Amino acid sequence: MLLITCPHCGTRDQSEFTYGGEAHISRPANSETMTDAQWAEFVFMRNNPKGVWAERWMHASGCRKWFNAVRDTSTDRFLAVYKIGEPRPNVTAAGLATPSGEPVIGSGNDAAKVMR
Amino acid sequence: MTAMQRRSPLGFRAAQHTADGSTSITEKQFEGKLILRGNPSAIGANVAGVMATPMPAKVHETATGPRGTTQWLSPDEWLILTAPGGETDLSRDLTAALTGKHHQIANVTDYYTTIALSGAHARDMLMKIATVDFDPLTFKSGMGVTTNLGRANPWLRATASDSFDIIIRISMADYLWCLLAESGHEWGLAGLTPKGAGVTLHLPHFETGTPAAPAIDPTPTPDL
């Protein structure tokens, strides 16, 4: 059971949340002067990092508010959650010891150790 | 002249009791329900004046006073429960108290219904179908929560240590009623089938290839 902490409601089961993609992407103010390529960049292009990134979630079955989260995509650990409008907290994930970066928990890989 | 009759969404369901009689599910019919939205720092004092209770400020908080119960739903949204028939007066009083303030009051009395779950096995029945922790040490009397029970998404409130009021949209009310009955089956509640279960869209002329003449049944729709 993956738990997600809503900044308004506290820790709840993942099934109560819906996902909203990458966070901190502002709609361009000058869309009438943009080229199709620039517009496509805004609409479609997203980062896909392995590691720490900021994303949006909505607590659909609770307070129905959107919020932002910083998650490590290689371990699925939520490093921080914060309300819409708040700046992204400066958090870093502990790196993974193995080159391929298997998650420590649930990976079944006992050799993977978190570096402190 | 035909008498106007108000029918509750679960009026066709009889109250259910466990074998030992300790736990029951019943419908609280026509409980008055209002949704209040606004900025708590702007409207809090005015609403508190009407309800004679402080406004719930964060998750799980509820406040019960002489006019009814206020439950926190989200940072700018509250559910206000009042006695059956009292929602009109309460809505009027709140509107008067909030004149000039940016707010919204919606009377949702007939959009939702209340299922009262009460008794020694109430928490056991909820624990079987919820992801929220209903341990008495965690979810205490007077606390409220919005969560999923099965596929339903009700508002819950612990009215006493082992009593819960579950407020659910009328379209999901019978599903939740039957889910609770199923959950309590091991303690002797009768297993129930939701109204409409197993009924799928059936278009005969799509299957036969010839349009069927619309059949009009002259008999009135029977009451459920």
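**Cores, a hairpin and an interface**

In this predicted model, Phe164(B) keeps plenty of company: leaving aside neighbours within four places in sequence, this residue is in contact with Ile115(B), Ala116(B), Leu117(B), Ala122(B), Arg123(B), Leu126(B), Phe134(B), Phe139(B), Leu156(B), Arg157(B), Ala158(B) and Thr159(B). Phe164(B) also belongs to the largest nonpolar core, which has 30 residues. Within that core, Phe164(B), Ile166(B) and Leu180(B) are the ones that touch the most other members. At least two core residues come from each of these elements of chain B: strand S8 (112-118), helix H3 (122-129), strand S10 (155-160), strand S11 (163-169) and helix H4 (170-183). H4(B) gives the most, with seven residues. There's also a second, separate core of 23 residues, with Leu36(B), Ile43(B), Ile80(B) and Leu98(B) among them. As a general point, nonpolar side chains in soluble globular proteins tend to be buried together.

Over in chain A, strands S5 (residues 66-72) and S6 (residues 77-83) run antiparallel and are joined by six bridges. Phe67(A) sits opposite Lys83(A) of S6(A). The two strands, S5(A) and S6(A), make a hairpin with four residues between them. One residue in the turn, Asp76(A), has a positive phi of about 60°.

Then there's the meeting of the two chains. Here 12 residues of chain A are in contact with 16 residues of chain B. Between them, chain A and chain B bury about 1000 Å², and carbon and sulfur atoms give 44% of that area. Two salt bridges cross this interface, along with six residue pairs in polar contact. Asp76(B) forms a salt bridge with Lys65(A), where the closest N and O atoms are 3.0 Å apart.

Conventions. Residues are numbered from 1 along each chain as its sequence is written. Chains are lettered from A and ligands numbered from 1 in the order in which they are written. This is a predicted model: local features need pLDDT of at least 70, side-chain atom pairs count only at pLDDT 80 or more; totals for chains, interfaces and linings use all residues. Side-chain values use heavy atoms; hydrogens and water are left out. A nonpolar core is a set of buried Ala, Val, Leu, Ile, Met, Phe, Trp, Tyr and Cys residues joined through side-chain atoms within 4.5 Å. Buried means under 20% relative accessible area, exposed over 50%, partly exposed in between (1.4 Å probe, protein chains only). Contact means heavy atoms within 4.5 Å. Two strands pair if DSSP finds at least two bridges between them. Buried area is the accessible area (1.4 Å probe) that two parts lose on being put together, summed over both. A salt bridge is a side-chain nitrogen of Lys or Arg within 4 Å of a carboxyl oxygen of Asp or Glu. A polar contact is a pair of N or O atoms within 3.5 Å; within protein, one must be able to donate a hydrogen and the other to accept it, and residues adjacent in sequence count only if both atoms are side-chain atoms.
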